[in-house]
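Subject: Handover of a protein structure

Dear colleague,

I am writing to hand over a structure for your study. Please open the sequence and the model side by side before reading further.

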Amino acid sequence: MKNMDEIVNYCKENGFAFPGSLIYGGLANAWDYGPLGVELKNNIQKAWWKKFVQESEYNIGLDSAILMNPQVWVASGHVGGFSDPLMDCKDCQTRHRADHLIEDATNVNPAGWSFAKMEAYIKENNITCPKCGSTNFSEIKEFQLMFKTQQGVISGEGSDIYLRPETAQGIFVNFKNVVRSSRAKMPLGIAQVGKAFRNEITPGNFIFRTREFEQMELEFFCKPDTANEWYNYWKKYCMDWLLNYGMNSEYLCFRDHEPDELSHYSAMTADIEFKFPFGQSELWGIANRTDYDLKAHMKVSKEDLSYFDAYTNEKYVPYVIEPSLGLNRVLLAFLCNSLVNIEGRGDVLMIHPDLAPLKIAILPLQKQQIDLAHDVFKKISKYYMATFESSGNIGKRYKRQDLIGTPYCVTIDFDSLEDNMVTVRDRNTTEQLRIKIDDLLEYFSDKFEL
Ligand code: GAP
């Protein structure tokens, strides 16, 4: 696997991702997706939606607003709960999470401790700054992970409002709307893709952890006594999705959360971890959120969010199984997984054809074939994301398409004007086939699913 510097350079050089606001010196850990990056991101999202909404008999979609009533975050436990205990080293001005300092130095997990208890423990155990070795720490301050802004046009006069730190709450607060309007029966999954924002203290590793990111989340509502069964079902479903899109099974594994690392809402969580170049890390979290969220919203909103099963005459608050995946993070995983060096060919992005940013490249060999090549492009681009490249020798052009993962090249050559045939080159095998222009669409019809 390539190292992170190579992946970041590859992305910058080939238009997958650029540092954000670069002409102003950038903004730390903000990335903009370039022409190929946006295609790849859209394709991953489509592939997820296809499997988790279109092909699932249980799931339907939603697109809720990023800005929500602040009471949502009070009920969910994010106001108050979604914060980190931070302390500064006064000597080298580095910032640390107090709970991490304790855990790293003594292997003791301070979950649930007060700030005063953590400060005292750090002093008593002579825990030092990992950077400079000093014990000269500031007191602990609470660091709010949610971005706060104001709603209202006059600065200072609006009401405080948050950018959502997860898309999930938009689903919980719409549970009743969706059930009523779709007449859905349990079990029922509601899926959503959208932006989330977290004031992360330690963003980094390129697009792995950023402050603005996109999530693809499913909240799967079910009868409480079936939750374990569905938890296992969705774990397998998620893993199968990754493998089906070409992830190397050797890079993936499940890791169950220890009881003391579970989120405040979770009874059980398993992460699918991926072996990133910087180490094995969380890719996809699958949690049993129980009835925590619906009950929390019932309490604060005073709305009844329970479900009545007309067949069994039972009324209950559903449990929720939540597979939650970062779109940007899985995009990074797909790139790390697929960018390989092949002897004699150089770097090739061996990505699944459905995810490939461009599907087909139209390559006229000479100026005389450009008009015909344009006609072919017109025909193909109605159905597939295609590109047109007329400069450079053909070997270099194949290399460039290999590098960005284009599964097929269509070369318009010397004879095409005479016989109306073109050469189709397959990225995976490099095999070349001569095909009638009129048969091209039929040839490609079984090559892609999205
Ligand atoms: N609704 C549950 C939830 O948000 P999470 O484990 O905090 O759970 C779920 O996030 C997924 O979202 C993670 O597994 C990861 O893929 C992605 N994610 C979380 N924070 C991220 C960040 N700062 N940057 C990029 N992706 C992130």
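The notes below describe two sheets, several helices and one pocket. Please keep in mind that this is a predicted model.

The first sheet

An open sheet of seven strands follows the order β3-β9-β10-β16-β13-β12-β11, and its pairing is mixed. As general background, the strands of a sheet pair through backbone hydrogen bonds, either parallel or antiparallel. The edges of the seven-stranded sheet are β3 (59–61) and β11 (252–256). Each of these two has a single partner strand, so one side of each is left without a neighbour in the sheet. On average, and with direction ignored, neighbouring strands here are turned by 25° against each other.

At one end of this order, β11 pairs with β12 (residues 268–276) in the antiparallel sense, over five bridges. To find this pairing in the model, you may look for Phe254, which stands opposite Ile272 in β12.

The second sheet and its helices

Another open sheet is formed by five strands in the order β20-β19-β21-β22-β23, again with mixed pairing. Here β20 (386–388) and β23 (432–436) stand at the edges; each has a single partner strand, so one side of each has no neighbour in the sheet. The average turn between neighbouring strands of this sheet, direction ignored, is 25°.

Within this sheet, β21 (residues 408–412) and β22 (residues 421–426) run antiparallel and are joined by four bridges. Cys409 has Arg425 in β22 as its bridge partner. Helix α12 (residues 370–381) packs on the sheet and touches β19 (360–364), β20 and β21. The direction of α12 makes about 165° with that of β20. Helix α13 (residues 394–404) lies across β19, β20, β21, β22 and β23, and runs at about 170° to β19.

Two helices that meet α11

How are α1 and α11 oriented to each other? The axes of α1 (residues 4–13) and α11 (residues 327–338) come within 11 Å and cross at roughly 105°. Angles of 65 to 115 degrees count as roughly perpendicular, and α1 and α11 are therefore roughly perpendicular to each other. On the α1 side, the contact is made by Met4, Ile7, Tyr10 and Cys11, and on the α11 side by Leu332, Leu335 and Cys336. By class, the residues of this contact are seven nonpolar, no polar and no charged.

Helix α2 (residues 35–54) also meets α11: their axes come within 10 Å and cross at roughly 105°. That makes α2 roughly perpendicular to α11. From α2, the contact involves Gly37, Leu40, Lys41, Ile44 and Gln45; from α11, it involves Leu327, Asn328, Val330, Leu331, Phe334 and Leu335. The contact of α2 with α11 has seven nonpolar, three polar and one charged residues. Leu335 of α11 is thus listed in the contact with α1 and in the contact with α2.

The second largest pocket

In general, rolling a probe the size of a water molecule over the atoms shows where empty space is left. The second largest pocket of this model has a volume of about 350 Å³. It is lined by 16 residues, of which Asn29, Ala30, Trp31, Thr210 and Glu212 are the closest to its centre. The elements that give two or more residues to the lining are β2 (31–33) and β10 (212–222). The lining has seven nonpolar, three polar and six charged residues. Strand β10 also takes part in the sheet of seven strands, where it stands between β9 and β16 in the order.

Yours sincerely,
A colleague

Key:
Residues are numbered from 1 along each chain as its sequence is written. This is a predicted model: local features need pLDDT of at least 70, side-chain atom pairs count only at pLDDT 80 or more; totals for chains, interfaces and linings use all residues. Side-chain values use heavy atoms; hydrogens and water are left out. On a 1 Å grid over the protein atoms alone, a cavity is a set of points where a 1.4 Å probe fits but cannot get out, and a pocket is an open set with protein on both sides within 12 Å along at least five of seven lines; lining residues have an atom within 4 Å of a point. Grid points are joined across faces, edges and corners, and a volume is the space filled by probe spheres set on the points. Ala, Val, Leu, Ile, Met, Phe, Trp, Tyr, Cys and Pro count as nonpolar, Asp, Glu, Lys and Arg as charged, and the others, Gly among them, as polar. Axes are lines fitted to C-alpha atoms, for helices over the stretch in contact, and angles run from 0 to 180 degrees between N-to-C directions. Angles under 35 degrees count as roughly parallel, over 145 as roughly antiparallel, 65 to 115 as roughly perpendicular and the rest as oblique. Contact means heavy atoms within 4.5 Å. Two strands pair if DSSP finds at least two bridges between them.
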